[in-house]
Amino acid sequence: MQASYISYNLELKHPFAIAKFSRTSTPLLLLKLSCDGLEGFGEASMVPYMGESYASAVAFLSRVDWNRFTSPFNFPEIVGYLDSLEAGNPAIKAAIDFALNDLNGKILNKPCFEIYGADPAKMPLTSYTIGIDTPEIIKEKVADAKHFKVLKIKLGRDNDKELISTIRSVSNLPLYIDANQGWTDRKQAIETIYWLHDQGAVLIEQPMDKNDKEGNAWLTGRSPIPILADEACQRLADLDKIHGAYHGINIKLMKSGGMYEAHQMILKARSMGMKILIGCMSETSCAILAGIALAPLCDWADLDGPWLTSNNPFAAPELKEGRYVLKNLPGLGLEGSDLNLIYP
Ligand code: MG
């Protein structure tokens with residue numbers, strides 16, 4: 001197997017602000033694995049607060065022995081091998097996992113969603129994220145979301161109610177709320193959650209600090225809508241640590257290290273009676289297609305990456321009435337005018 005890769009800077013349509021950070025673009029590494037005349041495509045999205053960079057991703061790739069990866073791919077063994085090289089680095093591990101899953105589908109001539117047992121008819125709605133901004137820009141962003149049936153709102157600053165009122169002045173769509181650990185007072189947080197419920201919020205992501213298990217559990221015991229872990233739950237092993245503190249989890253493939261482990265998280269979360277949102281980082285169609293393939297196994301989806309960026313180099317996945325449409329293409333189903341002009 002041969003690996004090649006390039007750096008790609010994914011530009012955001014609007015500067016992206018959440019409770020603790022703001023940025024205008026995201027560094028990516030686009031990975032291609034070639035084997036027996038077939039090609040698998042992958043992507044690492046390295047949002048700065050997760051600690052990975054193009055340099056760390058390249059350093060990780062240089063340590064991988066590609067000759068170990070032969071079909072049929074033994075994904076549990078591969079995940080163990082990648083973790084044995086170095087802890088962390090989930091985004092570049094995800095890029096390798098995507099490319100191997102894409103290859104696997106092409107070898108088997110089956111779409112990834114079929115391999116993971118996902119039923120296209122069970123595709124959930126996907127939300128469109130509105131970042132923190134001025135009231136004028138927020139209204140513009142809501143207008144941009146005309147193809148979506150749910151909005152995701154980033155809260156966690158001191159003007160949360162004002163921001164929701166701005167959105168409600170132009171839209172009555174249901175809301176997914178992401179507090180991004182921004183709330184510190186649990187009594188104030190539960191009051192806000194009840195108010196948000198009255199405003200049409202259907203779930204709340206990571207209300208308090210990821211390390212404040214007790215505070216998040218206190219809210220979960222009282223909230224009228226599901227409370228989900230995001231920053232507090234990254235990989236499979238984290239599910240045991242957050243047990244009892246949340247109604248559900250937000251799985252992101254750039255945190256889990258890819259599709260194989262995300263699927264293991266879905267199975268385990270279900271066995272624990274938890275709800276599941278599948279989310280994303282700033283990603284092109286490549287990583288988003290990996291998320292879409294698993295989305296029918298989840299309750300909610302927030303896979304809006306290609307719609308929030310201005311230079312996605314691939315064809316955008318088809319969206320119909322706010323839901324992605326799975327195509328019967330082998331592997332991830334990545335399409336573009338000429339993928340080899342983009343990939344090395
Ligand atoms: Mg989140």
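## Aromatic pairs

In this predicted model, a search of the whole structure finds 6 aromatic pairs. A pair of aromatic rings is described by the distance of the centres and the angle of the planes. For Trp66 and Phe69, the ring centres lie 5.7 Å apart and the planes meet at 80°; planes over 60 degrees apart count as edge-to-face, so this pair is edge-to-face. Both Trp66 and Phe69 are buried. A further edge-to-face pair is made by Phe73 and Phe75, with 6.3 Å from centre to centre and 70° between the planes. Phe73 has a relative accessibility of 8% and counts as buried, and Phe75, at 8%, is likewise buried.

Trp66 and Phe69 also belong, together with Tyr81, to one aromatic cluster. The ring of Tyr81 has a charged neighbour as well: the charged end of Arg68 sits over this ring, 3.8 Å from its centre.

## The nonpolar core

In soluble globular proteins, nonpolar side chains tend to be buried together. The largest nonpolar core of this model has 111 residues. Which of its residues touch the most other members? They are Phe69, Ile96, Ile153, Ile249 and Met259. Phe69 thus appears both in this list and in the aromatic cluster with Trp66 and Tyr81.

The largest share of the core comes from helix α3 (residues 90-108), which gives 9 residues. Where does the core lie with respect to domain 1 and domain 2? Domain 1 (2-110) and domain 2 (114-324) both give residues to the core, so the core lies between them.

## The magnesium site

The magnesium ion has three protein donors: Asp178 (OD), Glu205 (OE) and Asp230 (OD). These donors lie 1.9 to 2.2 Å from the ion. Along the chain, their spacing follows D-x26-E-x24-D. Asp178 lies in strand β6 (residues 175-178), while Glu205 lies in strand β7 (residues 201-205), so the pair ties together parts that are 27 residues apart in sequence.

Are Asp178 and Glu205 buried or exposed? Asp178 has a relative accessibility of 0% and counts as buried. Glu205 is also buried, with a relative accessible area of 0%.

## Cysteines without a disulfide

A disulfide is a covalent bond between the sulfur atoms of two cysteines. How many disulfides does a search of the whole structure find? The result is 0. Cys112 is in no disulfide, and the nearest cysteine sulfur to it, that of Cys286, is 10 Å away. Why does the sulfur of Cys286 form no bond with that of Cys112? The closest cysteine sulfur to that of Cys286 is in Cys112, at 10 Å, and a disulfide needs the two sulfur atoms within 2.5 Å, so the separation is too far for a bond.

Both cysteines are shielded by the rest of the protein in the sense of accessible area: Cys112 is buried, with a relative accessible area of 1%, and Cys286, at 0%, counts as buried too.

## Backbone features in the loops

Most residues other than glycine have a negative phi, and most peptide bonds are trans. The peptide bond from Ser71 to Pro72 is cis, with omega near -5°. Pro72 is located in the loop between α1 (54-62) and α2 (75-85).

Two asparagines have a positive phi. Asn89, in the loop between α2 and α3, has a phi near 55°, a positive value in a residue other than glycine. Asn109, which is found in the loop between α3 and α4 (112-115), has a positive phi of about 55° although it is not a glycine. Their surroundings can be described by accessibility. Asn89 counts as buried at 10% relative accessibility, whereas Asn109 counts as exposed at 59%.

## A contact across the sequence

Ser56 is placed in helix α1. This serine, Ser56, is partly exposed, with a relative accessible area of 22%. How far apart are Ser56 and Ile92 in sequence and in space? They are 36 residues apart in sequence, and their C-alpha atoms are 8.7 Å apart in space.

Terms used. Residues numbered from 1 in each chain as written. Heavy atoms only, no water. Donors = N, O, S within 2.8 Å, 3.2 Å for Na, K, Ca; no water. Helix = DSSP H or I, 4+ residues; strand = E, 2+ residues; numbered from the N terminus. Buried < 20%, exposed > 50% of the residue type's maximum accessible area, 1.4 Å probe, protein only. Phe/Tyr/Trp six-rings, centres within 6.5 Å; stacked < 30°, edge-to-face > 60°. Lys NZ or Arg CZ within 6 Å of the ring centre and 35° of its normal. Core = buried A, V, L, I, M, F, W, Y, C linked by side-chain atoms within 4.5 Å. Domains from an automatic or database assignment.
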